[in-house]
Every structure is written in structure tokens, then in C-alpha cells.
Amino acid sequence: MSVRELVVLGTASQVPTRYRNHNGYFLLWDGEGILFDPGEGTQRQMLHAGVTAHDITRICVTHLHGDHCLGLPGVIQRLSLDGVDHPVQLAYPASGERFVRRLRYASAFYEVAEVVEHPLRGAEALVAESTKPPFRIVARRLDHGLEAYGYRLEEPDGRRMLPERLAAAGINGPDVGRLQRQGWLDVDGRRVTLEEVSAPRPGQRFAFVMDTRLCDAAFALAEGADLLVCEATFTTRDAALAAEHGHLTAAQAARIAAESGARVLVLTHFSQRYRDLSVLLEEAREIFAGECVLARDLTRVRVPPRR
């Protein structure tokens, strides 16, 4: 059964608070498990959320500030401790390679698991291309004080079968699968094409936009996203601080979602200055008319069903 769901492990920017753990986000995408930005305490949050080391197939780090990577040593050592027997791909900005090396070997441990590094270079980079399940992950460089990348997962476009047209063409049972595989089927002396009995179905899109000012790359990552996870560190009242430190306000996150045609916006990465986060949600809802979710630690957000 296909499961596509975001597990929120932590939502705090810079430092954890009494109510919010450091960053951490786990995306279940069919048979893949992608861990984004494991901040301090991620390993423990995984236990609370029911996410195991064996569930992780990829780790994507946006940049090497501590709130986005200080959980990496524990997670990587846990892969070996639990005997994870599949390679785990690790993507991160190439400029942070020395930090990744230190984090991977921050203390002594018996390394069993295979971690394959993918340093990212350039304004845009292909992170992964998979056939089972079919998807690709691309990264784009954002605008932060330190080199940072956002990530976008794209499923190939497909087609949705139309039952009424299949019935009219006399196609049912195993013949439907044959038609899908070869693109045509001969029925009673007439060739029926896949296009005649189906409609285009856009592939699903997931976007992850962390520490950045407003920039073209953020909009490109979010374009047509079914689920957009976006930092909303500050309120508009503190917009000057956001710009100074390379962050977004909740209103700016909503603007990215609205102008990019995203379906669901997940706000996260909150400054410790805000105890009551409702003001951030209110700001976003004034701009973004779609579903807007205020991320909470250990909550789950389903990727909305295909249209």
C-alpha cells in the first residue's frame, strides 16, 4: 500500500525549547524514507514517532548550521548499531564537507552501515533518480548566510484510467493492465489507445524550503507542490531580522506557496521568541488560500491525494 506522509520530528530554529525540538523531518514516500535536516535530539524524536533507523533510505541536509545537522552523529551511528543493511544516501552542500566529515566521525563507533555521500555543487543539482518507486529529487541553492539548498521530489506524470470509457471500449480485467503497459490494445478488430480511455494525471510533488530569504529558487522548488514544507521563522513585525539573518516570515512563506500554486503549506522552523505560534498561522492564512498547517513536534501530515 502506498504511504506518502510527513512525520514532523522537530520545529525549533537555532535552539530547542521546552516545547519544540531542533529541526527534523521524515518523509515516507512509498518504500523510501527521507530524513531532512536532523537537528539535535532527532534520534530520540524518532523513537517517539515510531521511525526506525531501518526506515531511513536517504538523508538530505540543507546546510550545516547546527540546528539542521547536530543530530547527524547519533543517526549515523544508530544505522550501524541497528545493522541497517541497505545503503543510505547522504546529500549536503559540498562547501560543508569538512563539517559532515567531523559529524560522521564525532566519536568512536563500529561502522557497519554504508553511508554514501552526495556533495551538492552548483545552482541546481540532481540528488537522486529512482525507478522503484519512480521519482527524482533535485536541489536548488537558496539565499542564506551559509550555502544552503532546498529539495524537491518529483513523481513522473502518469495517466488516470476512466472506467466509463474502458467499459464502452469493452476492456476489463487483466486487459486493463496490458493496455497500460503497451499503450494500446486490439478489441474486436479495433485498436484502442491508452489516450482514448484515460486522462493525464500529474505526478505528485513535495518541496522542502528551509533557511533562505525570498529568492527565485524557493519559488521554483515550490512550483505545483502538493505538499510544501517551508520555514516561517519570524512574523512580519520582525521582517528586518528575517532579512538580516537569511530567513523568511510566515507571510513570505505563504507568498511562496500562493504564487507557486502549492496545495498544502506546512509552516515550521520557529524562532524561540514566539511562544504562541497562532500569529504566524494567521499571517500565512491572510495570503495563502490553500490548506495551511502549523507544524507541531511529532505530528504527521499526509501528502494530499492525487487529483
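**Strand β1, His 22 and the enclosed spaces of a predicted model**

Visitor: What makes strand β1 (residues 4-10) count as mostly covered?

Guide: In β1, 7 of its 7 residues are buried, where buried means under 20% relative accessible area, exposed over 50% and partly exposed in between (1.4 Å probe, protein chains only). Strands (E, at least two residues) and helices (H or I, at least four) are DSSP runs, numbered from the N terminus. This is a predicted model: local features need pLDDT of at least 70, side-chain atom pairs count only at pLDDT 80 or more, and totals for chains, interfaces and linings use all residues. Residues are numbered from 1 along each chain as its sequence is written, and side-chain values use heavy atoms, with hydrogens and water left out.

Visitor: Why are β1 and strand β2 (residues 24-29) said to pair?

Guide: Two strands pair if DSSP finds at least two bridges between them; β1 and β2 have 6 bridges, in the antiparallel sense, and therefore satisfy the definition. Leu 6 stands opposite Leu 27 in β2. With strand β18 (residues 300-302), β1 pairs over 3 bridges, also antiparallel, and Glu 5 has Arg 302 as its bridge partner there.

Visitor: Why is His 22 called buried or exposed?

Guide: His 22, found in the loop between β1 and β2, has 2% relative accessibility and therefore counts as buried.

Visitor: Which backbone atoms lie within polar-contact distance of the side chain of His 22?

Guide: A polar contact is a pair of N or O atoms within 3.5 Å; within protein, one must be able to donate a hydrogen and the other to accept it, and residues adjacent in sequence count only if both atoms are side-chain atoms. The backbone oxygen of Gln 14 lies 2.9 Å from a polar atom of the His 22 side chain, and the backbone nitrogen of Glu 40 lies 3.1 Å from one.

Visitor: What makes a space a cavity, and how many are found?

Guide: On a 1 Å grid over the protein atoms alone, a cavity is a set of points where a 1.4 Å probe fits but cannot get out; a pocket is an open set with protein on both sides within 12 Å along at least five of seven lines, and lining residues have an atom within 4 Å of a point. Grid points are joined across faces, edges and corners, and a volume is the space filled by probe spheres set on the points. The search finds 1 cavity of 30 Å³ or more, and the largest has a volume of about 50 Å³. Its lining includes Arg 58, Cys 60 and His 118.

Visitor: Which residues lie nearest the centre of the largest pocket?

Guide: Of its 17 lining residues, Ser 13, Gln 14, Phe 234, His 245 and His 247 do; the space is about 330 Å³.
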